[in-house]
Amino acid sequence: MKKTVLVSGGAGFIGSHVTVELSQAGYDVVIADNMSNCDDTNYKGVCAILGRKLPFENIDFCDAAAVSALFDKYTIDAVIHFAAYKAVGESVAEPLMYYKNNLGSFLNVLEASKNHGTHVLFSSSATVYGEPEKAPVTEESPRQPATSPYGNTKQMCEDFLRDCVKAYGMHGIALRYFNPIGAHPSALIGELPRGVPNNLVPFITQTAAGKRECLSIFGNDYPTPDGTCLRDYIDITDLAKAHVCAVTRMIENRMDEPYEIFNVGTGRPVSVLELVNAFEKVNNLKLNYRFAARRPGDVVGIWADPSLAERKLGWKAVRTVEETLASAWAWEKHLMEQALQDK
Ligand code: UD1
């Protein structure tokens, strides 16, 4: 029998890509989103890629009664929880908003999952490692005190899941993402930041598209080979496939421990400057950029040791940074064409 996965935040950047991969792997997917931070572009794109309409529920995961009713309506084998706020700076200015939304929604998911025997996959972040003492980081590397309420919610939700698994006999996996970038090869779904992008790749593509005048590279005096920060940029489709492996591991009862954590990265450090140069080369264009002051709160360098995921999930990133940067640009061009058509 087909298994059903609930994807909270399924209309967002990561959720939409995960929905496509799960569906293509043979899962039934229910998308639930309150559309507070996106429009229906990615939902429509998902349906276009799959050639059918997927069930969509407009709910706010902070509404406990609505979450409980959703779990009653469908027989859900596993839930993947993406529905959360994700802007680091905003979380510093509005901590209560972040704590209420990101913690409240996950508590409701945990409660409903406990009542229905549902497996839980939590979308965590490499931000839990803070400034690591050494890179690459393994899942055993110590978590550092969070530097933002956003980062704090990731750590706290991991702990909520760990404790619930222990107390209630549930199964849970936390995936710690490094820097997800790029878009689906169809260019029908991708990242849709509201306002000025905080993250590097959307800023790069918007600068190339002429929506932004100039990219600022934050800091070129770091103790790294070219002076710019090092990150582990993971292709969004590769990252989405890790969720299929993790969900299957839970559903097929193949876990070694009832609560497991996996890094989802490539293991390859790439500097900001290398990324910019690769973007220019693969897309055959020149990007307007300048070096600027360091951005407060940035870590110098962090990248994954992804070997645990390879060993246990049978998952490995396969796409090159060049392929991923080509997909990011194809998506930006798709958005420009859409905007022209809508005029
Ligand atoms: C941040 C968050 C991370 C979150 C991720 C979402 C922290 C410390 N970081 O990661 O938790 O999961 O976003 O994708 O909480 N850069 C520029 N110019 C720009 C934008 C960025 O030079 O206009 C540089 C940054 O200084 C950094 C690199 O690009 O070195 C990547 O930045 P960004 O895309 O914002 O991701 P992170 O800060 O690594």
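**Cavity, pocket and ligand shell**

Modeller: Helix 5 (95-116) and helix 6 (149-168) each supply at least two residues of the lining of the largest cavity. The model under discussion is predicted.

Biologist: Why is this space called a cavity?

Modeller: A cavity is a set of points where a 1.4 Å probe fits but cannot get out, so the name states that the space is closed to that probe. The count comes to 1 cavity of 30 Å³ or more, and about 40 Å³ of space lies in the largest cavity.

Biologist: What makes a residue part of the lining, and which residues line the largest cavity?

Modeller: Lining residues have an atom within 4 Å of a point of the space. His81, Ala84, Asn102, Phe106, Phe122, Thr153, Lys154 and Cys157 therefore count as the lining of the largest cavity. Helix 6 contributes the largest share, 3 residues.

Biologist: How do you know which residue of this lining is charged?

Modeller: The charged class holds Asp, Glu, Lys and Arg, so Lys154 belongs to that class. By class, this lining has 4 nonpolar, 3 polar and 1 charged residues.

Biologist: How much space lies in the second largest pocket, and which element gives the largest share of its lining?

Modeller: About 190 Å³ of space lies in the second largest pocket. Two elements give two or more residues to its lining, strand 11 (259-264) and helix 10 (307-313). Strand 11 provides the largest share, 4 residues. The lining divides into 4 nonpolar, 1 polar and 7 charged residues, and among its members are Glu139, Arg143, Arg176 and Lys312.

Biologist: What makes the approach of aspartate 298 to the ligand a polar contact?

Modeller: A polar contact is a pair of N or O atoms within 3.5 Å. An N or O atom in the side chain of aspartate 298 is 2.5 Å from an oxygen atom of the ligand, so the pair qualifies. For asparagine 179, a polar side-chain atom lies 3.0 Å from a ligand oxygen atom, so this pair qualifies as well. Asparagine 198 uses a polar backbone atom, 3.5 Å from an oxygen atom of the ligand. The protein covers 87% of the 740 Å² of accessible area that the ligand has on its own.

Biologist: How many residues surround the ligand, and which element gives the most to the shell?

Modeller: The ligand is surrounded by 19 residues, the closest being Leu200, Ser216, Phe218, Arg231 and Asp298. Strand 8 gives the most to the shell, with 4 residues. The shell divides into 10 nonpolar, 6 polar and 3 charged residues.

Key:
Residues are numbered from 1 along each chain as its sequence is written. This is a predicted model: local features need pLDDT of at least 70, side-chain atom pairs count only at pLDDT 80 or more; totals for chains, interfaces and linings use all residues. Side-chain values use heavy atoms; hydrogens and water are left out. On a 1 Å grid over the protein atoms alone, a cavity is a set of points where a 1.4 Å probe fits but cannot get out, and a pocket is an open set with protein on both sides within 12 Å along at least five of seven lines; lining residues have an atom within 4 Å of a point. Grid points are joined across faces, edges and corners, and a volume is the space filled by probe spheres set on the points. A residue is near a molecule or strand if one of its heavy atoms lies within 4 Å of it. A polar contact is a pair of N or O atoms within 3.5 Å; within protein, one must be able to donate a hydrogen and the other to accept it, and residues adjacent in sequence count only if both atoms are side-chain atoms. Accessible areas come from the Shrake-Rupley method with a 1.4 Å probe; for residues, only the protein chains shown count as cover.
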